[in-house]
Amino acid sequence: MNKKRKNRWYKLENAAKIFPPTSNKHDPKVFRFFVEMNDNIDKTFLQQALEKTIEEFPHFNSTLKRGFFWYYLETIDKVIEVSEENDLPCDIFENKFLYRVSYYKKRINVEVNHALTDGTGTLNFLKVLVCNYEELRYKTSADIYVDDASVEEREIDSYKKYYKKEKSKDKVIGIKGYQVKGKMYPEERLKIIELIMPTKDVLKLSKDNNSTITQYLTAIMIKSIADTMSYKDKKKPIIITIPVNLRKYFPSNTARNFFNVVPIVYYVNDDNNNIEEILKSVKKQFEEGLKKEKIIKRMNQLQQFENMFILRLVPLVIKNIVLKYLYKKSRLNRTITLSNIGVIDMPYDLQKHINLFGVMSSTDNVQSCMCSYKDNLVFTFTSHFVEQEIQKNFVRYLSNNGISITVNTNIIEEDELDEKMF
């Protein structure tokens, strides 16, 4: 690092506290953002770009520490070395850092432990990294990417900043949802199916159905799951949890965790297992669940639980037992998570060097993530299950509706890869 800063420590934000005690080799709570450039990556320039970027995001250079009452982050006065990719995507970190930067051919990967930050925080880090990389390699001006957030603004715990104590009789009650099950891969292997499709075509299909892309793809996800369910399975609803970026509701530039989730609940039966009925319900739930007052109320309820005085006095060893139990219980309140990072924009002068962006996540079940850059929408499934009927249904539905899809996968065994599946 060019400047030496005194080591600092940070309390974990409200949403981050659940990740350390529930991380394991099967699901280390790690997600990956990647960018695909038009040229092979130069390691020297990438390392220099990282050293410059970390000056703007110093809290990324942190390690997780165990205190008596809570876990916390402590900064390290050292920058990691970028490396050619040789680990499995979204794998557990073997060193003390909570992030890593790797490359493979034309791709730059940034992987982060969720205790450190969320998707938006990581994306902003990657965007600055790419700007710095392009400045060094192609002699573009990084100044054309103006990020006016200060280091202090990026390090703020926005949950605490915007928490407002209020009396509420509403309780956060979870509904038990249908659980996807199947044969697991050995050795915690994570299967990745990456779908690349034209943004304009998916947008047109969504608009033709009077919905947003997120709403439409959520409806297709529900339909894809429903078509795999038995009659007995349909006694429980399909629950798709949608992470929500709270920066859209509050003026925050934090590069730490600041998100909430909205559940989309759908009970399937023989009369409503069609995309029109599903989409109607999805749109209504999106409109209701994304109202600002509801988002704020839920955030305040969760923050209020953390602020309970008696909870602060409980030792970490006891908190971990409780948090693991609560996580296991809440895990039953979702079927699949669908995370939409949204439209990614980069300065015009840099766009000619960039092909696409993508995102994926570790999971203890099935996870889906999506983002779009220019005319490439990248939708990624991650799973530990050998079965892939949900993914097949999802791809077939889009293909049957005129969407051209390029499929990339890490499935390498011939008996796994059915060439007719897509």
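These questions and answers walk through a predicted model, from its sheets to its cores and salt bridges.

Trainee: In what order do the strands of the seven-stranded open sheet run?
Mentor: This sheet has mixed pairing. Its twist averages 20° from one strand to the next. The order is β10-β9-β11-β13-β14-β8-β15.

Trainee: Which strands are the edge strands of that sheet?
Mentor: Look for strands that pair on one side only. Two fit: residues 259-266 and residues 406-409. They are β10 and β15.

Trainee: How many bridges join β9 to β10?
Mentor: Strand β9 covers residues 238-245, and the two strands run antiparallel. One pairing sets Ile239 against Val265 in β10. The number of bridges is eight.

Trainee: Is β14 mostly covered or mostly open, and how many of its residues are buried?
Mentor: In a regular strand, side chains alternate between the two faces of the sheet. In β14, Asn376, Val378, Thr380 and Thr382 point one way, while Leu377, Phe379, Phe381 and Ser383 point the other way. Both sets are buried. The strand is mostly covered, and the buried count is eight of eight.

Trainee: Which residue of β14 is the bridge partner of Ile196?
Mentor: β8 and β14 pair in the antiparallel sense over eight bridges. The partner of Ile196 in β14 is Val378.

Trainee: Which residue takes a positive phi in the hairpin of β13 and β14?
Mentor: Strand β13, residues 366-373, pairs with β14 in the antiparallel sense over eight bridges. Val366 has Ser383 as its bridge partner there. Two residues lie between the strands of the hairpin. The one with a phi near 55° is Lys374.

Trainee: At about what angle to β8 does helix α13 run?
Mentor: Helix α13 spans residues 389-400. It lies across β8, β11 and β14. Its angle to β8 is about 10°.

Trainee: Why is one side of β5 and of β12 left without a neighbour in the five-stranded sheet?
Mentor: The order in this open sheet is β5-β6-β7-β2-β12, with mixed pairing. β5 and β12 therefore stand at the edges, and each has a single partner strand. For β5, strand β6 pairs in the parallel sense over two bridges, and Ser83 stands opposite Ser102. The reason is their place at the edges.

Trainee: Which helix lies across β2, β6, β7 and β12?
Mentor: Helix α2 lies across β6 and β7, at about 155° to β6. The helix asked for covers residues 119-138 and runs at about 30° to β2. It is α3.

Trainee: Is Ser62 buried or exposed?
Mentor: Ser62 sits in strand β3. A polar atom of its side chain lies 2.5 Å from the backbone oxygen of His59. Its contacts beyond four places in sequence include Tyr10, Phe97 and Leu116. Its relative accessibility is 0%, so Ser62 counts as buried.

Trainee: Which helix gives the most to the largest nonpolar core?
Mentor: That core has 104 residues. Among the members that touch the most others are Leu217, Met221 and Phe357. The helix that gives the most supplies nine residues, from the stretch 213-226. It is α7.

Trainee: How many residues are in the second, separate core?
Mentor: Its members include Val30, Phe93, Leu190 and Val378. The count is 10 residues.

Trainee: How many residues apart are Glu135 and Lys52?
Mentor: Their side chains meet in a salt bridge at 2.6 Å, N to O. Glu135 counts as partly exposed because its relative accessibility is 22%. Lys52 is partly exposed too, at 34%. Glu135 is in helix α3 and Lys52 in helix α2, and the gap is 83 residues.

Trainee: Which residue forms a salt bridge with Arg247?
Mentor: Arg247 lies in the loop between β9 and β10, and its partner in the loop between β7 and α3, so the pair ties together parts 129 residues apart in sequence. Both residues are buried. The closest N and O atoms are 3.0 Å apart, and the partner is Asp118.

Trainee: About how many helical turns separate Lys204 and Asp208?
Mentor: Their side chains meet in a salt bridge at 3.0 Å, N to O. They are four residues apart in helix α6, so the separation is about one helical turn.

Technical notes
Residues are numbered from 1 along each chain as its sequence is written. This is a predicted model: local features need pLDDT of at least 70, side-chain atom pairs count only at pLDDT 80 or more; totals for chains, interfaces and linings use all residues. Side-chain values use heavy atoms; hydrogens and water are left out. Two strands pair if DSSP finds at least two bridges between them. Axes are lines fitted to C-alpha atoms, for helices over the stretch in contact, and angles run from 0 to 180 degrees between N-to-C directions. Contact means heavy atoms within 4.5 Å. Buried means under 20% relative accessible area, exposed over 50%, partly exposed in between (1.4 Å probe, protein chains only). A polar contact is a pair of N or O atoms within 3.5 Å; within protein, one must be able to donate a hydrogen and the other to accept it, and residues adjacent in sequence count only if both atoms are side-chain atoms. A nonpolar core is a set of buried Ala, Val, Leu, Ile, Met, Phe, Trp, Tyr and Cys residues joined through side-chain atoms within 4.5 Å. A salt bridge is a side-chain nitrogen of Lys or Arg within 4 Å of a carboxyl oxygen of Asp or Glu.
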